[in-house]
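Thanks for coming, everyone. Let me put the structure up, and then I will walk through a helix, a sheet and some charged pairs.

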Amino acid sequence: MTDTLIKNADVILTMDDDRAELHGADVLIRDGVIAAVGHGLMADGAEVFDAASKIVTPGLVNTHHHLYQTLTRAVPGAQDALLFGWLQRLYPIWARFGPEEMFVSAQVGLAELALSGCTMTSDHLYLYPNGARLDDTIAAASEVGLRFHATRGAMSIGESDGGLPPDALVEDEAAILNDSIRVIDAFHDPNPGAMVRVGVAPCSPFSVSRDLMRDAALLARDKGVMMHTHLAENDEDIAYSLEKFGCRPGQYAEDLGWTGDDVWHAHCVKLDGQEIDLFARSRTGVAHCPCSNCRLGSGIAPIRAMRDAGVPVGLGVDGSASNDIGNLAGEARMAMLLQRVQNGADAMSTREALEIATRGGAQVLGRDDCGQIAVGKRADLAIWDAQCVDNAGSWDPAALLLAGPSRVSALYVEGHQIVRDGQMQTLDMGKTIAHQNALARKLAERG
């Protein structure tokens, strides 16, 4: 691979251990790794990227998504529903998906993330209708070029057994565990610099059994992979846990082995003080999804309290049926604003929000090789044009979450340029969007 030298950046927000901010500085990329950061760097034969008037940050990290949902944005009947009603409206539509829908929706969702500065994303795929497999989304990520943490989700309790999903979307628990083993063995790469990792991810406490939660944790730890699920998302979620399990979600998670530094939970809007302390002690991670939480009326997650207690926190855009946008820079801005609404104007700075969106997300996903611009870290970089209209007049271009921009000029993943001049380099976006819209129209025609 040819070396790449990013020269003369207006500012580099490194998010390294010193949180250094460098002006007029350079970054040298060699073999997918950051080889040097500083001023006046030289490299014979390197491809030079002129970063004058540009802001350079680590690539943003998305810790929670349902990529397949890019096919069901703004669905009538789901636009104004709370979580459980929203799910009941959408489950029958999702039941008509197949491999093509999974692949194309993942392409679109990943491209949308890339254009918002994201270089690494997780995805929680928990339904597999009509022959769809986790393999479909992994193939899409390989084509787009983002670093991918695929999680093998599952639902096993259908309506006939008191669960929310229709019976047609649930799976046999033995089959779930066997397929989890298959995809881990086929795709998971535990090595530094891995482009694909696989996790185990039963959908939620209200769609799988206690036995599956426990067995999934045992399997994940036997295989050395991470674990993910939804937890404490809204008041309905808490009421369900108290009624069905006789305890709050945090206690339920702890009882079944779902706490630890190899676990991260999505949402956690309704964690109380004891649960926050539990997550802090056990180093259990949280994927904060502020826009989705607003859209579904779930509430504002206590992120300030979590951060102060030492809970690892990253950001997630969540699925595009509940956001309905997959812009991770916008998610970071919303996270900052909501904490200010809840706790005061000084509750979260732009730098802290960016830290959560970069090294915070990398920590949650167990990736100490990513999330920083520092020698030896992977070369995942987002480059933002400070001369854009939404940043014009800014006295502090590095405070890009206050003014802008919200889309990248360039994006590098493992040293490969994925976005150039604001355009995807790995996909024909016109063709991909047309394919996506045709699939969405076909789904909508059936209601």
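One definition before the first stop: helices here are DSSP runs of H or I with at least four residues, numbered from the N terminus. With that in hand, look at the end of helix H8. The residue that follows H8 is arginine 283, and its phi is positive, near 60°. Keep in mind that this is a predicted model.

Now the other end of H8. Aspartate 272 is the N-terminal cap. One of its side-chain oxygens sits 3.2 Å from the backbone nitrogen of glutamine 274.

What about the body of the helix? H8 covers residues 273–282. Its buried residues are Glu275, Ile276, Leu278, Phe279 and Ala280. Which elements cover them? The cover includes two helices, H7 (249–255) and H10 (303–309). It also includes strands E12 (227–231), E13 (263–267) and E14 (285–288). Hold on to H7, E13 and H10. They come back later.

Let me step back to the whole protein. It has 13 helices and 19 strands. The radius of gyration is 21 Å, and the globule rule gives 22 Å for 447 residues, so the protein is as compact as a globular protein of that length. Along the principal axes, the C-alpha atoms fill a box of roughly 65 × 45 × 40 Å. Of the 447 residues, 63% are buried. Now take contacts between residues at least 6 apart in sequence: 75% of these join residues at least 24 apart.

Next, a sheet. It is open, with four strands in the order E5-E4-E1-E6. The pairing is mixed. Which strands are at the edges? They are E5, residues 33–38, and E6, residues 47–50, each pairing on one side only. From one strand to the next, the twist averages 20°.

Let us go in through strand E4, residues 25–30. E4 pairs with E5 in the antiparallel sense, over five bridges. E1 and E4 also run antiparallel, joined by four bridges.

Now single residues. Leucine 28 is the bridge partner, in E4, of leucine 5. On the E5 side, leucine 28 has alanine 36 as its bridge partner. Isoleucine 29 has isoleucine 34 as its partner in E5. As a reminder, side chains in a regular strand alternate between the two faces of the sheet.

How do E4 and E5 connect? They form a hairpin with two residues between them. Aspartate 31, in the turn, has a positive phi of about 55°. And is E4 enclosed or open? Five of its six residues are buried, so E4 is largely enclosed by the rest of the structure.

That brings me to charged pairs. The count of salt bridges comes to 27. I will show three.

The first pair stays in our sheet. Lysine 7 and aspartate 26 meet through their side chains at 3.2 Å, N to O. Lysine 7 is in strand E1, residues 4–9, and aspartate 26 is in E4, 19 residues apart. Are these two residues buried or exposed? Both are buried.

The second pair is aspartate 262 with arginine 221, with closest N and O atoms 2.8 Å apart. Aspartate 262 lies in the loop between H7 and E13, and arginine 221 in helix H5 (residues 210–223), so the salt bridge ties together parts that are 41 residues apart in sequence. Here the burial differs by partner. Buried means under 20% relative accessible area. Aspartate 262 is at 19%, so it counts as buried. Arginine 221 is at 38%, so it is partly exposed.

The third pair is arginine 307 and glutamate 352, at 3.0 Å, N to O. This one links H10 to helix H12 (residues 350–364), with the two residues 45 apart. Arginine 307 is partly exposed, with a relative accessible area of 24%. Glutamate 352 has 14% and is buried.

Which residues share the network with this pair? Salt bridges with shared partners join Arg307 and Glu352 to Arg19, Arg304, Asp308 and Glu355.

One link to close on. H10, where arginine 307 sits, is also among the elements that cover the buried residues of H8. That takes us back to the helix we started from.

Terms used:
Residues are numbered from 1 along each chain as its sequence is written. This is a predicted model: local features need pLDDT of at least 70, side-chain atom pairs count only at pLDDT 80 or more; totals for chains, interfaces and linings use all residues. Side-chain values use heavy atoms; hydrogens and water are left out. Two strands pair if DSSP finds at least two bridges between them. Axes are lines fitted to C-alpha atoms, for helices over the stretch in contact, and angles run from 0 to 180 degrees between N-to-C directions. Buried means under 20% relative accessible area, exposed over 50%, partly exposed in between (1.4 Å probe, protein chains only). Contact means heavy atoms within 4.5 Å. A polar contact is a pair of N or O atoms within 3.5 Å; within protein, one must be able to donate a hydrogen and the other to accept it, and residues adjacent in sequence count only if both atoms are side-chain atoms. A salt bridge is a side-chain nitrogen of Lys or Arg within 4 Å of a carboxyl oxygen of Asp or Glu. The radius of gyration is taken over C-alpha atoms; the globule rule is 2.2 Å times the number of residues to the power 0.38.
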